[in-house]
Amino acid sequence: MLKYKRILLKLSGEALAGNKEFGFSNEVLESFAKQIKDVHEKGVEIAIVIGGGNIFRGISGMEKGFDRVTGDTMGMLATIMNGLALQNAIESIGVPTRVMTALQMPQVAELYIRRKAIRHLEKGRVVIFGGGTSNPYFTTDSSGALRAVEIQADVLAKGTKVDGIYDKDPMKFDDAVRYDTVTFDEAISKNLGVMDTAALSLCRENQMPIVVFNALEEGNILKMAQGEDIGTTVKN
Ligand code: UDP
């Protein structure tokens, strides 16, 4: 049984690198593509926002001497490269896709137009949103939240390397406990590190539930779509 009919799947760029520090892992691309195909075949509408952390992040660019806006622009371009990589992987196994970018780049991909994006979804195409929000000082989590609200998705599913939200860093503390559910207020006030506050506030204001789950474990994207008890749900 499917819980969600339209999903905004936010995939971190970092996950695309697999075990590497930088770039792409073919295994991860193939795994994401296969998992997305499995969910698509069940008739679920899937839109994807992809991050850029495996290539470039604005903040780390500042450490290298780039100004923030330049760094963020480079980060947004990185998300488009990731979008194309993901498109390639998904289409190579027979699922129609469209990449839409928030930055004008007509030779590369369609410009993001909300109504067009919804039309693509209705026609059964997997839509990949690149270019973030097109604005510096934002993250792709915020882009995920914004697009989820705009296309009226049933859920913002954040697929990461960890299997949910913990009360403290599970990498550092053995006794860290994973939450099944947290409220937006808790996630913001306790600074649980789910997403940045801008993304959380947008979801809170618009009653957009978030599921944080490990998308690297094969089969988890389908489990999430079926509403199985994986990861942590953030809701009002
Ligand atoms: N970015 C931006 N505006 C946006 C989305 C992204 O400036 O609306 C930039 C920002 O520099 C960010 C980078 O793009 O660091 C890559 O995105 P992000 O770090 O969110 O990727 P992820 O952590 O998911 O890999």
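This report covers the recorded binding-site residues and the shell around the ligand in a predicted model.

Residues are numbered from 1 along each chain as its sequence is written. In this predicted model, local features need pLDDT of at least 70, side-chain atom pairs count only at pLDDT 80 or more, and totals for chains, interfaces and linings use all residues.

**Recorded site**

An unreviewed UniProt entry lists a "binding site" at Lys 10, Leu 11, Ser 12, Gly 13, Gly 53, Arg 57, Thr 160, Tyr 166 and Asp 169. These residues spread over 160 residues of sequence, and up to 24.4 Å separates their C-alpha atoms. Such annotations may be inferred rather than shown by experiment.

Two of the listed residues are set out below. Counts are of other C-beta atoms, placed from the backbone, within 10 Å: 20 or more is buried, 12 or fewer exposed, in between partly exposed. Strands are DSSP E runs of at least two residues; helices are H or I runs of at least four.

| Residue | Location | C-beta atoms within 10 Å | Status |
|---|---|---|---|
| Lys 10 | strand β1 (residues 6-11) | 29 other | buried |
| Asp 169 | loop between β6 (155-160) and β7 (181-183) | 10 other | exposed |

Beyond neighbours within four places in sequence, Lys 10 has contacts (C-beta atoms, placed from the backbone, within 7 Å) that include Val 49, Thr 140, Asp 141 and Leu 156.

**Ligand shell**

The ligand is surrounded by 24 residues (C-beta atom, placed from the backbone, within 6 Å). Gly 51, Gly 53, Gly 58, Gly 75 and Gly 132 are the closest. Elements giving two or more residues are α1 (13-16), α4 (68-91) and α6 (140-150). Helix α4 gives the most, with six residues.

Key:
Contact = placed C-beta atoms within 7 Å.
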